Amino acid sequence: MSAQQPSPAVADAPAPVRPRLDGDGTTGAPGGDVPAPGETGAPVWRVVGDPLVAAPGEGVLSGSRVAVKDVFAVTGHAIGMGNPAWLRGAPVEPAHSATVRALLRAGADVTGIAQTDELAYGLSGHNSHYGTPPNPAAPGRVPGGSSSGPASAVALGLADIGLGTDTAGSTRVPASYCGLYGLRPTHGLVPDTGQTGLAPSFDTPSWITRTPRLLDRVTDVLLPQQPAQPIERWILATDLFALVDPSLRLPLQDAAHAWADRLAVPLQPRESTCAAHLEEWAEAVGVVQAVEMWQVHGSWLQAHHEAVSPGVAHAVAAGENMPAEYLAWARDTLSQARIALAELIPPGTALVQPATPTTAPPPGPASTGLALRTTTVRLICAASATGLPVLTLPGVRSPAGPVGLSLLAPAGSDRALTAAFAPHVAAPRHGSP
């Protein structure tokens, strides 16, 4: 589906999500209807317990349940990477990953290991081996990937925290499609020990929740303690809103204004931000990602080619014989992107843009087609190219489901992003995410 062609499913203009207050006085997930905890689908979990791993003690996350993407080490379990052949050959992990260990020490329980797109590559949530986790915010449509299982578990109410990864939109897309809050942190800020990667130049642990207050608590737990300048001004990137389905453009901009009013933050529209560079930046990200995917997984792919779905196998193999001059161009382009965004988004500023160009598509060709993937990658490539933090939050709800907004901020502004939506008016209460 092209971003220039409105989907019939969203022909009726969607209404912006209304920012509201939760009963505890913090900004809540607007309009979030959470299904009963018993509602689930088999594709959500690879391993699930009651809990799978209990917290060793009390902490700021006590009462919270975590769905761990199947790329992180959980003691006593193998990493499956969304592929049965990988799982069969994987060793049992002797220790938790750094992020899982930190969440447990903060009092959270691990409910289970949730599914991922195969080899953590994909934006739809479909896995040819395990199926597609449900999206309760848009029934009959994909949840987004590759952190599909954690996002689905959180949206279904089966977990409170989804621990995922984001390489090129793997958390931002599910958060948008499922109407959730998500943070892709500054690249390199969160330890990736015990995490199986895809493309190290872009990989980062990330997390998803139903409320901004819990997102802020998780951010406090997983990020190193360091000062952050408050976000005091938002830039509305009108040229990036032009990339979305036409029926969504004005409602998403209205939603951005509603959030800015709710938080009393000045919102300055700007006609020209970075849209003119996105095609080049997306190509550069794709080149470096392909090379690194081959470096990380090429040997395994050669030995297990028949066990990998054709699309994923092709994506990994694309990096095998990348011309050196093309890779050099890509790395130089990413350096220029970092310079450009540092000028566009100075300290204390966030760039507001759509999180995805459409609502979640139905499974099948619509969710994996080249047109939608190309537009989505262009819209989300800036953060991957530059390593900047991105907060994704609910934007609008259309008849076809939700679409989120994303706030892109300077490196190290992670805490300022989440704190803006969850002011610390009271001490966190255990069991009340």
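D70 is a good place to start: at 1% relative accessibility, D70 counts as buried (buried means under 20% relative accessible area, exposed over 50%, and partly exposed in between, with a 1.4 Å probe and protein chains only). Before going further, a word on what you're looking at: this is a predicted model, where local features need pLDDT of at least 70, side-chain atom pairs count only at pLDDT 80 or more, and totals for chains, interfaces and linings use all residues. Residues are numbered from 1 along each chain as its sequence is written, and side-chain values use heavy atoms, with hydrogens and water left out.

Back to D70. Its side chain meets that of R46 in a salt bridge, 2.6 Å from N to O; a salt bridge here is a side-chain nitrogen of Lys or Arg within 4 Å of a carboxyl oxygen of Asp or Glu. This pair links distant parts of the chain, 24 residues apart: R46 sits in strand β4 (residues 45-53), while D70 is in the loop between β5 (65-69) and α1 (84-89). Helices (H or I, at least four residues) and strands (E, at least two) are DSSP runs, numbered from the N terminus. Unlike its buried partner D70, R46 counts as partly exposed, at 21% relative accessibility.

In general, side chains of opposite charge can pair when their charged atoms come close. By the rule above, the model has 8 salt bridges. Another of them joins R210 to D160, with the closest N and O atoms 3.0 Å apart. R210 is in the loop between β9 (205-209) and α5 (212-222), and D160 is in the loop between α3 (148-156) and β7 (161-165), so this pair ties together parts that are 50 residues apart in sequence. Both R210 and D160 are buried. They don't act as a lone couple, either: R65, D160 and R210 are linked in a network of salt bridges.

For a salt bridge between helices, look at R378 and E279, whose side chains meet at 3.7 Å, N to O. R378 belongs to helix α12 (residues 370-386) and E279 to helix α8 (residues 278-303), so here the parts tied together are 99 residues apart in sequence. R378 is partly exposed at 31% relative accessibility, and E279 is exposed, with a relative accessible area of 52%.

Now stay with α8 and follow it to its neighbour. The axes of α8 and helix α9 (residues 310-317) come within 7 Å and cross at roughly 115°; axes are lines fitted to C-alpha atoms, for helices over the stretch in contact, and angles run from 0 to 180 degrees between N-to-C directions. On the α8 side, the residues involved are A290, M293, W294, H297, G298 and L301, and they meet A313, A315, V316 and A317 in α9, where contact means heavy atoms within 4.5 Å. The residues of this contact divide into 8 nonpolar, 2 polar and no charged (Ala, Val, Leu, Ile, Met, Phe, Trp, Tyr, Cys and Pro count as nonpolar, Asp, Glu, Lys and Arg as charged, and the others, Gly among them, as polar).

V296 is also in α8. It is partly exposed, with a relative accessible area of 37%. Not counting residues up to four places away in sequence, V296 touches G197, L198 and P200. The C-alpha atoms of V296 and V316 are 9.2 Å apart, with their positions 20 residues apart along the chain.

What about the strands? Take β5: 4 of its 5 residues are buried, so β5 is largely enclosed by the rest of the structure. β5 pairs with strand β6 (residues 109-114) in the parallel sense over 5 bridges, and two strands pair if DSSP finds at least two bridges between them. β5 also pairs with β7 in the parallel sense, over 3 bridges. You can see both pairings at V66: its bridge partner in β6 is V110, and it stands opposite I161 in β7.

Strand β8 (residues 181-184) has Y181 and L183 pointing one way and G182 and R184 the other, and all are buried. β8 runs antiparallel to β9, joined by 3 bridges, and L183 has W207 as its bridge partner there. Another 3 bridges join β8 to strand β13 (residues 390-398), again antiparallel, with R184 partnered by V390.

Finally, find Q353 in strand β12 (residues 349-354). Q353 is buried, with a relative accessible area of 7%. A polar atom of its side chain lies 2.8 Å from the backbone oxygen of L379. Leaving aside neighbours within four places in sequence, Q353 is in contact with L240, F241, L379, L405 and S406.

Technical notes:
Polar contact = N/O pair within 3.5 Å; in protein donor to acceptor, adjacent residues only side chain to side chain.
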